[in-house]
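Here are a few exercises to work through with a structure viewer open. Try each task before you read its solution.

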Amino acid sequence: MSNKVSFPYLGHVIVYKKFLQMMGFEVIMPPAPTQKTIDLGVKYSPEFACIPFKMLMGNYIEACELGANTIISSGGHGPCRAGFYGEVHQRILRQMGYDVNFIIFDSPKRDLFGTIKKFFKIKNKQSISKMVKVSKVVFPVLKDLDTFEKKIHTMIPYEINKGQSLEVWREIYKIYDEVYSQKELLEARAEGHRMIDSIKLRKVNDDEKIKIGIVGEIFVVIEPSINMDVENLLCSLGCEAERSLYLSEWVEHNIFGEKHEKTIQDLGEKYIEILIGGHAKTTVGNIVDFKNRGFDGIIHLMPFGCLPELVSQSVIPKITSDHDIPVLTLSIDEQTGKSNNLTRIEAFIDLIRNKKTKEKVFSGGKK
Ligand code: SF4
């Protein structure tokens, strides 16, 4: 039986598709998550499971329905239950009658031998040099997409032609979807920069800008279909938005051992001393980092029932008073209603705007 490979729908999925296609796999693209995905996930998951588990469950069922027989995903470790996700998902899918295998990647620092074995599986009888060549195209694609996306979310609030930035972003994404070589990568990069430069912006003083950082558990931070597309929501309210997590940074840390995440964890050390699983320590470290970088407020996204993020939520009042940074925690599950959270976010932004105005008045406009 030939391998029909799929993966979780998380962030820039064209990158996973591209890598697997270039390694010679038949790829089954998981459909973009919809209400049907959530309904399927909720129906076949344990009731107490967190929303990322349920969303992935629905996602995998839809991929299996399209013919996938192999799913490649990443695992977790430490006290958080993400470490069991792959195993539990596979068992549920098999009980449902799908003949599917999982390849779960964990951090190479934890299980180097196991990771090498899994890399050989996804090498798919291609040479190592071919794999290196493919990675040299695919990783820069991921990095560029993250860089452009980050940039776009600093431009939307100031665009003169409403909707132009998102239009440009969608075009850039389409262009990168067609990149399969170094030459195409360089052309896409040049075109991306040209398109970004073509966006007309109105001039806004720095002290009038509102910058919001988004922190929390990786799945709900990165995937817009589950977090009410919170970055664009914030931009539509006139704020710049930046996430604490981008997939390229996750890869750099977990595969290439890049040190940025360690720096962030050190910032969180005062509030959570040990690694308690999930992203709790990086969540608190990122709040301090955003404050140090001049951000005005933080949206903390927490899957309902997520123990690591419950711990970070419990220390947030202390961080807020130590660093004078407002934080709004939003709990996300399958019942999350956009209207309710929109009202809370709007009120939060109004509060920040008023605080900035007051500070400006009291400093005699010198801020
Ligand atoms: S970090 Fe939280 S939401 Fe993510 S898998 Fe662990 S418990 Fe679930």
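The exercises below concern a predicted model, and each comes with a worked solution.

**Exercise 1. The two domains**

Task: Find which domains the protein chain is divided into, and describe the side of domain 1 that touches domain 2.

Solution:
- Begin with the bounds: the chain is split into domain 1 (4-126) and domain 2 (205-362).
- Next, take the centres over C-alpha atoms; 26 Å separate the two domains on that basis.
- Count the residues in the contact: 19 residues come from domain 1 and 23 residues from domain 2.
- Look at the helices on the domain 1 side, where α2 (35-44) and α3 each supply at least two residues.
- Of the elements there, α3 gives the most, with 4 residues.
- Finally, sort this side of domain 1 by class: 14 residues are nonpolar, 4 are polar and 1 is charged.

**Exercise 2. The ligand shell**

Task: List the residues around the ligand, and work out where the ligand shell lies with respect to domain 1 and domain 2.

Solution:
- Collect the residues around the ligand: C50, P52, C80, R81, A82, E217, G278, P303, C306, L307, P308 and E309.
- Class them, and the shell has 8 nonpolar, 1 polar and 3 charged residues.
- Ask which element contributes the largest share; helix α14 (residues 307-323) does, with 3 residues.
- Now compare the list with the domain bounds. Domain 1 (4-126) and domain 2 (205-362) both give residues to the shell, so the shell lies between them.

**Exercise 3. The largest nonpolar core**

Task: Describe the largest nonpolar core, and then follow the contacts of V221.

Solution:
- Here is the general background: in soluble globular proteins, nonpolar side chains tend to be buried together.
- In this model the largest nonpolar core has 81 residues. Those with the most contacts inside it are Y60, I212, I214, V221, I287, I298 and L301.
- Helix α3 (residues 51-65) gives the most to this core, with 9 residues.
- Check both domains: the core draws at least three residues from each of domain 1 (4-126) and domain 2 (205-362).
- Zoom in on V221. Leaving aside neighbours within four places in sequence, V221 is in contact with I214, V215, G216, N227, R243, S244, L245 and L301.

**Exercise 4. A residue in α3**

Task: Decide whether I61 is buried or exposed, and find what I61 touches.

Solution:
- Locate I61 first: this residue lies in helix α3.
- Count its neighbours. I61 has 23 other C-beta atoms within 10 Å, and the cut-off for buried is 20 or more, so I61 is buried.
- Setting aside residues up to four places away in sequence, I61 touches L40 and Y44.
- For a long-range check, I61 and I352 are 291 residues apart in sequence and 42 Å apart in space, C-alpha to C-alpha.

**Exercise 5. Helix α6 and its surroundings**

Task: Compare the reach of helix α6 with the expected value, and find what its buried residues pack against.

Solution:
- Helix α6 (residues 128-152) has 25 residues. From first C-alpha to last the helix reaches 36 Å, close to the 36 Å expected at 1.5 Å a residue.
- Its buried residues are V138, V141, L142, D144, L145, D146, F148 and I152.
- These buried residues pack against α1 (13-22), α7 (164-177), α8 and α11 (247-254).
- S135 is also in helix α6. This residue is partly exposed, because 15 other C-beta atoms lie within 10 Å.
- One of the packing partners, α8 (residues 182-197), holds K183. K183 counts as exposed because its C-beta neighbours inside 10 Å number 10.
- The C-alpha atoms of K183 and V137 are separated by 9.5 Å, with the two positions 46 residues apart along the chain.

**Exercise 6. Positive phi outside glycine**

Task: Find where N124 and D229 lie, and give the phi of each.

Solution:
- N124 lies in the loop between α5 (112-123) and α6, and its phi is near 55 degrees.
- D229 lies in the loop between α9 (218-222) and α10 (230-236), and its phi is near 50 degrees.
- For exposure, N124 counts as partly exposed because it has 14 C-beta neighbours inside 10 Å. D229 is partly exposed, with 14 other C-beta atoms within 10 Å.

Definitions and conventions:
Residues are numbered from 1 along each chain as its sequence is written. This is a predicted model: local features need pLDDT of at least 70, side-chain atom pairs count only at pLDDT 80 or more; totals for chains, interfaces and linings use all residues. A residue is near a molecule or strand if its C-beta atom, placed from the backbone, lies within 6 Å of it. Ala, Val, Leu, Ile, Met, Phe, Trp, Tyr, Cys and Pro count as nonpolar, Asp, Glu, Lys and Arg as charged, and the others, Gly among them, as polar. Domain bounds come from an automatic or database domain assignment. A residue is buried if 20 or more other C-beta atoms lie within 10 Å of its own, exposed if 12 or fewer, and partly exposed in between; C-beta atoms are placed from the backbone. The expected span of a helix is 1.5 Å times one less than its number of residues. Two residues are in contact if their C-beta atoms, placed from the backbone, lie within 7 Å. A nonpolar core is a set of buried Ala, Val, Leu, Ile, Met, Phe, Trp, Tyr and Cys residues joined through C-beta atoms within 7 Å.
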